[in-house]
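Work through the following exercises with the sequence and the coordinates open beside you. Each task is followed by a solution that proceeds step by step.

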Amino acid sequence: MSGMDTTALEAAAKRYRRAETALDKARADLQAEVVATLRTAEERGAQAEVARITGWSREQIRQIKNKADAGE
């Protein structure tokens, strides 16, 4: 196997790991913004609006907020 050129494979794997890390951070940032928005929103329908913007279901939104509330 030492004669195999894995340069492109290694580069692709590195890009993939970087993208995964960036996605994880973006997801955490989005979840934090969801929680912050719902905590400050007083108007009816805020959860539906957050679901519309994020593309997540209202159930997913509730789970994210409940998890954050339980972690306080």
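The model is predicted, and local features are taken only at pLDDT of at least 70, side-chain atom pairs only at pLDDT 80 or more, whereas totals for chains, interfaces and linings use all residues. Residues are numbered from 1 along each chain as its sequence is written, and side-chain values use heavy atoms, with hydrogens and water left out.

**Exercise 1. The span of α1**

Task: Compare the reach of helix α1 from its first C-alpha to its last with the expected value.

Solution: Begin with the assignment, in which helices (H or I, at least four residues) and strands (E, at least two) are DSSP runs numbered from the N terminus. Helix α1 covers residues 7-40, which is 34 residues. Next take the expected span, defined as 1.5 Å times one less than the number of residues; for α1 the expectation is 50 Å, and the helix reaches 50 Å, close to that value. As a check inside the helix, take Ala-12, which is found in α1, and note that its C-alpha atom and that of Leu-23, eleven residues further along the chain, are separated by 16 Å.

**Exercise 2. Burial in α1**

Task: Determine which residues of α1 are buried and what covers them.

Solution: First fix the classes: buried means under 20% relative accessible area, exposed means over 50%, and partly exposed lies in between (1.4 Å probe, protein chains only). By this scale Val-34, Val-35 and Leu-38 of α1 are buried. The cover over the buried residues of α1 includes α2 (46-54) and α3 (58-70). For contrast, Ala-11 also lies in α1, but with a relative accessible area of 32% it is partly exposed. The C-alpha atoms of Ala-11 and Ile-61, 50 residues apart along the chain, are separated by 36 Å.

**Exercise 3. How the helices pack**

Task: Describe the three helix pairs by angle, axis distance and contacting residues.

Solution: Two packed helices are described by the angle between their axes and the distance between the axes. Axes here are lines fitted to C-alpha atoms, for helices over the stretch in contact, and angles run from 0 to 180 degrees between N-to-C directions. Angles under 35 degrees count as roughly parallel, over 145 as roughly antiparallel, 65 to 115 as roughly perpendicular and the rest as oblique.

- Step one: α1 and α2 pack at about 160° with their axes 10 Å apart, which makes α1 roughly antiparallel to α2. In contact terms (heavy atoms within 4.5 Å), Leu-30, Val-34, Thr-37 and Leu-38 of α1 meet Ala-46, Gln-47, Val-50 and Thr-54 of α2.
- Step two: the axes of α2 and α3 come within 9 Å and cross at roughly 105°, so α2 is roughly perpendicular to α3. Gln-47, Ala-48, Val-50, Ala-51 and Thr-54 of α2 make this contact with Arg-58, Ile-61 and Arg-62 of α3.
- Step three: the axes of α1 and α3 come within 10 Å and cross at roughly 85°, and these two helices are therefore roughly perpendicular to each other. Here Gln-31, Val-34, Val-35, Leu-38 and Arg-39 of α1 touch Ile-61, Ile-64, Lys-65, Ala-68 and Asp-69 of α3.

**Exercise 4. Salt bridges within and between helices**

Task: State how many salt bridges the structure holds, and place the pairs formed by Asp-29, Glu-49 and Asp-69.

Solution: The criterion is a side-chain nitrogen of Lys or Arg within 4 Å of a carboxyl oxygen of Asp or Glu, and the structure holds six such bridges.

- Asp-29 pairs with Lys-25, the closest N and O atoms being 3.1 Å apart. Both lie in α1, four residues apart, about one turn of the helix. Asp-29 is partly exposed at 40% relative accessibility, while Lys-25 is exposed at 53%.
- Asp-69 pairs with Arg-39, the closest N and O atoms being 2.8 Å apart. Asp-69 lies in α3 and Arg-39 in α1, so the pair ties together parts that are 30 residues apart in sequence. Asp-69 is partly exposed at 30%, and Arg-39 is partly exposed at 41%.
- Glu-49 pairs with Arg-52, with 2.8 Å between the closest N and O atoms. Both lie in α2, three residues apart, about one turn of the helix. Salt bridges that share partners also join Arg-39, Lys-65 and Asp-69 into one network.
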